[in-house]
Amino acid sequence: MDLLHPQLAAFAAVLEEGSFEAAARRLSVTASAVSQRIKALEDRLGQVLVVRQAPCRPTRAGERLLRRVRPMQALEAEALADFLPEDREAAPTRPVVVAVNDDSLDSWFLAAMARLHRQHGYLFDIRVDDQDHTLDLLRNGTALGAITAEANALQGCNVHPLGVMRYRAIASPQFAARHFADGMNAAALARAPMIVFNRKDELQWRYVRRITRARLAPPVHYVPTSTGFVEASALGLGWCLAPESLTGAALRGGRIVLVDPGRSLDVPLYWQHAAVRSSVLQRIGAALREAATEALRL
């Protein structure tokens, strides 16, 4: 049962599932019916809302509408749970879309999600991006909430501080001895291979500029996995910044060393979410704050 207008339900389903056919399966209607509902909605609003490609994605107008529809879906699910508890038990919960940075996902975030699933049966659709870019997924309507490095709340959103993720510069003992025998200076950093998560990742570059006040062009490996960062550095691929929560075992085992023991880079993290009176969002926020208290610095 849906309380949302069928046109809005079809619109959200197409963007969540990625195609008209998949949306039709979820809604138990034909793809033609989904297409007609989307076209009728676009006619009503006078704007194209969905880019018809694989996968389907929202236009700018579609993003604005999706930002409104996401909170409505959350409130709809809660209303149905209150008034039709038997349906809540019989039907699967619609996944809550949450954006998170990879380092949090690989360290503390999943503990909060697991607790929420055990206690309330919530399902999650977790989207991963750099902490400087997860907010884009909230801004364009993809996610209902996001772990982000941005302290300023988006329009129509609330923001709550979680704590600080501390990053340390690491490398294998052999790599550190070969490249940083005289410390992490500009000359050494210009030559030493650096490991970067992807082309959105600014952490290493920010660290280099803090040390050298210069824009260097060192050799770069792109390794898009947080846990793989520690392994890549232990194998001598290069140096990198890694969250201290992920480096403990490798440091104790002597597989890596801190190449700049006197310095670190702290990244404050925040939970931003749509500003609606939703018990689901309140519970998610509480679980995130509890998990972050145990894993992050205050």
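These are my notebook entries on what I looked up in this structure, which is a predicted model.

**Entry 1: the whole chain**

I began with the overall extent, and I found that the C-alpha atoms fill a box of roughly 65 × 40 × 30 Å when it is taken along the principal axes. The protein has 298 residues, of which 48% count as buried, and its secondary structure comes to 13 helices and eleven strands. I then looked up the domain assignment, which gives domain 1 as residues 1–69 and domain 2 as residues 165–267. The C-alpha centres of domain 1 and domain 2 lie 44 Å apart.

**Entry 2: a β-α-β unit**

Next I followed the chain from strand 3 through helix 6 to strand 4, and I noted that they make a right-handed β-α-β unit. Helix 6 covers residues 102–120 in this unit. Strand 3 is made of residues 96–100 and strand 4 of residues 124–128, and the two pair in the parallel sense over five bridges. To have one pair to look for on the screen, I picked Val-100, whose bridge partner in strand 4 is Val-128.

**Entry 3: strand 11 and its partners**

I turned to strand 11, residues 265–274, and asked myself how many of its ten residues are buried. I found that eight of the ten are, so that the strand is mostly covered, given that a residue counts as buried under 20% relative accessible area.

Strand 11 pairs with strand 6 (residues 157–171) in the antiparallel sense, over ten bridges. In that pairing I located Arg-166, which has Asp-266 of strand 11 as its bridge partner. Strand 11 is also joined to strand 5 (residues 145–148), with four bridges and again an antiparallel run. Here I located Ile-147, whose bridge partner in strand 11 is Trp-271. As a reminder to myself, I wrote down that in a regular strand the side chains alternate between the two faces of the sheet.

**Entry 4: the second largest pocket**

I then looked for empty space, since rolling a probe the size of a water molecule over the atoms shows where such space is left. The second largest pocket holds about 370 Å³ of space. It is lined by 16 residues, and the closest to its centre are Arg-67, Arg-68, Gln-155, Gly-156 and Cys-157. Which helix gives the most to this lining? Helix 4 does, with six residues. Helix 4 (60–83) and helix 7 (134–139) each supply at least two residues. Sorted by class, the lining of this pocket has eight nonpolar, three polar and five charged residues.

**Entry 5: the cavity**

I also searched for closed spaces, and the structure holds one cavity of 30 Å³ or more. The largest cavity contains about 150 Å³ of space. Of the 15 residues that line this cavity, those closest to its centre are Asp-103, Asp-130, Gln-131, Phe-197 and Asp-201. Helix 6, which I had already met in the β-α-β unit, supplies at least two residues of the lining, as do helix 10 (203–212) and helix 11 (226–234). The lining of the largest cavity divides into six nonpolar, four polar and five charged residues.

**Entry 6: backbone details**

Before checking single residues, I noted that most residues other than glycine have a negative phi, and that most peptide bonds are trans. With that in mind, I looked for exceptions.

The peptide bond from Ala-54 to Pro-55 is cis, with omega near -5°. Pro-55 lies in the loop between strand 1 (50–51) and strand 2 (57–58).

Ser-28 has a positive phi, near 60°, and sits in the loop between helix 2 (20–27) and helix 3 (31–45). Is Ser-28 buried or exposed? Its relative accessible area is 66%, and because exposed means over 50%, Ser-28 counts as exposed.

Arg-213 also has a positive phi, near 55°, and its place is in the loop between helix 10 and strand 8 (220–222). At 74% relative accessibility, Arg-213 is over the 50% cut-off and therefore counts as exposed.

**Entry 7: one residue in helix 1**

Last, I checked Glu-17, which is found in helix 1, residues 6–17. Its relative accessibility is 38%, which lies between the 20% and 50% cut-offs, so Glu-17 counts as partly exposed. I also looked up its distance to Thr-134: the two residues are 117 residues apart in sequence, and from C-alpha to C-alpha they are 20 Å apart in space.

Methods: Residues are numbered from 1 along each chain as its sequence is written. This is a predicted model: local features need pLDDT of at least 70, side-chain atom pairs count only at pLDDT 80 or more; totals for chains, interfaces and linings use all residues. Side-chain values use heavy atoms; hydrogens and water are left out. Domain bounds come from an automatic or database domain assignment. Two strands pair if DSSP finds at least two bridges between them. A crossover is right-handed if, with the strands pointing away from the viewer, the path from the first strand over the helix to the second runs clockwise. On a 1 Å grid over the protein atoms alone, a cavity is a set of points where a 1.4 Å probe fits but cannot get out, and a pocket is an open set with protein on both sides within 12 Å along at least five of seven lines; lining residues have an atom within 4 Å of a point. Grid points are joined across faces, edges and corners, and a volume is the space filled by probe spheres set on the points. Ala, Val, Leu, Ile, Met, Phe, Trp, Tyr, Cys and Pro count as nonpolar, Asp, Glu, Lys and Arg as charged, and the others, Gly among them, as polar. Buried means under 20% relative accessible area, exposed over 50%, partly exposed in between (1.4 Å probe, protein chains only).
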